[in-house]
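These are notes for a colleague who is opening this structure for the first time. Please read them with the sequence and the 3D view at hand.

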Amino acid sequence: MRKLKLIWDFRGPAAAHTAEHHEKHLAEYCTLESLDLKITGHEHLNDMHSLAFLVVYESQMPQVRDALKPHRGELYEN
């Protein structure tokens with residue numbers, strides 16, 4: 001089954017802190033909604049751009065997309 005990485009981008013001087021904080025909410029959502037995967041994370045791309053992400057199975061993507069409104073997504077490969 002394919003896995004998708006749903007991504008939320010944050011820009012500006014507070015981007016790193018915001019992405020780290022957003023990841024906590026994504027992990028909480030995984031628990032509350034009993035998602036099969038519990039893969040979350042954040043990445044700092046540069047001083048002004050960071051992101052938070054959540055990995056879901058393709059079949060769960062519409063539910064999560066509609067509830068959390070990610071900015072973009074991509075195929076996730078371990």
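1. Status and overall make-up. The model is predicted. The protein holds 2 helices and 4 strands, and along the sequence these follow the pattern β-α-β-β-α-β. The radius of gyration is 12 Å, close to the 12 Å that the globule rule gives for 78 residues, so the protein is as compact as a globular protein of that length.

2. Extent and surface. Taken along the principal axes, the C-alpha atoms fill a box of roughly 35 × 25 × 20 Å. The accessible surface of the protein is about 4,900 Å², and carbon and sulfur atoms account for 53% of that surface. Of the 78 residues, 40% are buried. Among contacts between residues at least 6 apart in sequence, 69% join residues at least 24 apart.

3. The sheet. In what order do the strands of the open sheet lie? The order is β2-β3-β1-β4, with antiparallel pairing. The edge strands are β2 (39–46) and β4 (72–76), each of which pairs on one side only. From one strand to the next, the twist averages 30°. As general background, strands of a sheet pair through backbone hydrogen bonds, either parallel or antiparallel.

4. β1 with β3. Strand β1 covers residues 3–11 and strand β3 covers residues 49–57; the two are antiparallel and share 9 bridges. To follow this pairing in the view, start from L4, whose bridge partner in β3 is V56. Further along, W8 stands opposite A52 in β3. β1 is mostly covered, with 8 of its 9 residues buried.

5. β1 with β4. β1 also runs antiparallel to β4, and 5 bridges join the two. One pair to look for is L6 with its bridge partner in β4, G73.

6. β2 with β3. How many residues lie between β2 and β3 in their hairpin? There are 2 residues between them. The two strands pair in the antiparallel sense over 7 bridges. G41 and F53 mark one place in this pairing, where G41 stands opposite F53 in β3.

7. The helices. Helix α1 is made of residues 15–32 and packs on the sheet, where it touches β1, β2 and β3. The direction of α1 makes about 15° with that of β3. Helix α2, residues 61–68, lies across β1 and β3 and runs at about 145° to β3.

8. S50, a residue worth a close look. S50 lies in strand β3. Is S50 buried or exposed? The relative accessibility of S50 is 1%, so S50 counts as buried, the cut-off for that class being under 20%. The side chain of S50 makes a polar contact with the side chain of H44, at 2.9 Å. A polar atom of the S50 side chain also lies 3.5 Å from the backbone nitrogen of A16. Leaving aside residues up to four places away in sequence, S50 touches W8, D9, F10, A15, A16, A19, E43, H44 and L45. H44 and A16 therefore appear both among the residues that S50 touches and in the polar pairs just described.

9. Two loop residues with positive phi. Most residues other than glycine have a negative phi. S34 has a phi near 50°, a positive value in a residue other than glycine. Where is S34 found? S34 is in the loop between α1 and β2. With a relative accessibility of 54%, S34 counts as exposed, for which the cut-off is over 50%.

10. The second of these is K69. Phi of K69 is near 50°, again positive in a residue other than glycine. K69 lies in the loop between α2 and β4. K69 has a relative accessibility of 58% and so counts as exposed.

11. Suggested order for viewing. Begin with the strand order β2-β3-β1-β4, then place helix α1 on the sheet and helix α2 across β1 and β3. After that, turn to S50 in β3, and finish with S34 in the loop between α1 and β2 and K69 in the loop between α2 and β4.

How values were computed:
Residues numbered from 1 in each chain as written. Predicted model: local features only at pLDDT ≥ 70, side-chain atom pairs only at ≥ 80, totals over all residues. Heavy atoms only, no water. Pairing = 2+ DSSP bridges. Axes fitted to C-alpha atoms, helices over the stretch in contact; angles between N-to-C directions. Contact = heavy atoms within 4.5 Å. Rg over C-alpha atoms; globule rule 2.2 N^0.38 Å. Buried < 20%, exposed > 50% of the residue type's maximum accessible area, 1.4 Å probe, protein only. Areas by Shrake-Rupley, 256 points an atom, 1.4 Å probe, with all protein chains shown as cover. Polar contact = N/O pair within 3.5 Å; in protein donor to acceptor, adjacent residues only side chain to side chain.
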